[in-house]
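I opened this notebook to record what I looked up in one structure. My entries begin with the ligand and its surroundings.

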Amino acid sequence: MKVLVSVKRSVDANVKIRVKADQSGVDLANVKMSMNPFDEIAVEEAVRLKEAGVADEVVAVSCGVASCQETLRTALAIGADRAILVETEQDLQPLAVAKLLKAIADRERPALVILGKQAIDDDANQTGQMLAALASLPQATFASKVVVADGKAIVSREVDGGAETLALTLPAIVTTDLRLNEPRYVTLPNIMKAKKKPLETVKPEDLGVDVLPRLRTLKVAEPAKRNAGVQVADVKTLVEKLKTEAKVL
Ligand code: AMP
């Protein structure tokens with residue numbers, strides 16, 4: 001069984017984001033970029049399926065600029081077997097990525113596609129769902145457990161107020177939530193080995209996909225600054241303040 005896993009190069013989770021002065025977007029100059037954390041979980045899950053003998057090949061895909069190769073090399077160091085970069089300078093919106101992943105899936109015919117539930121830069125939480133719709137495949141989003149057996153994926157998914165379990169007939173699409181697994185640390189020997197693994201580059205045109213944006217960003221702004229809180233001496237003062245200052249009682 002082949003598993004396709006998507007990895008996005010996004011701003012590192014520890015970076016404090018700055019909005020550009022002209023409010024056209026987020027300042028990416030000299031900012032550390034890493035693999036989207038939910039995609040690390042996706043790669044880890046795919047590699048665990050391979051280690052368990054359920055999957056026999058893990059293919060990582062990234063869409064974006066040439067430096068997404070670094071992100072793909074990380075996926076290869078975690079344990080993916082080969083990588084595909086869909087290279088473009090165009091800013092990609094979720095629909096464009098979903099179309100590219102659909103084209104790659106048509107070519108690769110994976111039994112399972114694992115994506116992150118969302119990219120921490122655009123927070124869109126759309127690509128997996130759009131891919132499932134475009135490919136007419138069953139989907140389970142926000143997965144916290146995945147078991148593959150007998151042509152099915154049994155997926156526990158995080159929902160409001162608990163967990164839901166779905167049985168998907170393969171091929172299927174799964175998106176990862178935080179509790180699915182804890183990704184391993186990438187070791188130096190594996191980073192060295194990853195350099196020798198195959199990495200193919202294709203262009204959106206080769207796949208016949210139009211990646212032009214369909215949405216226009218009007219303005220990006222910092223959230224309003226919150227006033228600092230105050231500590232009150234006792235419950236009596238708190239109630240007094242809630243009555244007279246906050247006026248919520
Ligand atoms: P989003 O819908 O943008 O929040 O992204 C959800 C998931 O789609 C991510 O966690 C990735 O697995 C995948 N994805 C989004 N953009 C890209 C990209 N440019 N390259 C590869 N995968 C992507």
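**Entry 1. The ligand shell.** I sorted the shell around the ligand by class and found seven nonpolar, eight polar and three charged residues. I note at the outset that this is a predicted model. In total, 18 residues surround the ligand. I listed the closest of these as S6, D39, A119, N125 and T127.

I then asked which element gives the largest share of the shell around the ligand. I found that strand 4 does, with three residues.

**Entry 2. Polar contacts of the ligand.** I looked up where oxygen atoms of the ligand meet N or O atoms of the protein. For S6, I recorded a side-chain N or O atom at 2.7 Å from a ligand oxygen. For Q126, the partner is a polar backbone atom, and I read 2.8 Å to an oxygen atom of the ligand. For A124, I again found a backbone N or O atom, here 3.3 Å from a ligand oxygen.

I next checked how much of the ligand the protein buries. Taken alone, the ligand exposes 480 Å², and I noted that the protein buries 98% of that area. I also recorded which elements give two or more residues to the shell: they are strand 4 (57-64) and strand 6 (112-116).

**Entry 3. Residue N36.** I located N36 in the loop between strand 3 (33-35) and helix 1 (37-51). Is N36 buried or exposed? I found a relative accessible area of 1%, which is under the 20% limit, so N36 counts as buried.

I then looked for the partners of N36. Leaving aside neighbours within four places in sequence, I listed contacts of N36 with K8, S10, Q118, A119 and I120. With I120 I recorded a polar contact: the side chain of N36 reaches the backbone nitrogen of I120 at 2.9 Å. A119, a contact of N36, is also among the closest residues to the ligand.

**Entry 4. Helix 4.** I looked up the buried residues of helix 4 (residues 127-135) and found T127, G128, L131 and A132. I asked why they lie on the same side of helix 4. They do so because they cover an arc of only 135 degrees around the axis.

I followed these buried residues outward and found that they pack against helix 3 (94-108), strand 6, strand 7 (139-149) and strand 10 (172-176). T127, one of the buried residues of helix 4, also appears among the closest residues to the ligand. Finally, I noted that S136 follows helix 4 and has a positive phi, near 50 degrees.

Methods:
Residues numbered from 1 in each chain as written. Predicted model: local features only at pLDDT ≥ 70, side-chain atom pairs only at ≥ 80, totals over all residues. Heavy atoms only, no water. Helix = DSSP H or I, 4+ residues; strand = E, 2+ residues; numbered from the N terminus. Buried < 20%, exposed > 50% of the residue type's maximum accessible area, 1.4 Å probe, protein only. Polar contact = N/O pair within 3.5 Å; in protein donor to acceptor, adjacent residues only side chain to side chain. Contact = heavy atoms within 4.5 Å. Near = heavy atom within 4 Å. Areas by Shrake-Rupley, 256 points an atom, 1.4 Å probe, with all protein chains shown as cover. Nonpolar A, V, L, I, M, F, W, Y, C, P; charged D, E, K, R; others polar. Arc of directions from axis to C-beta.
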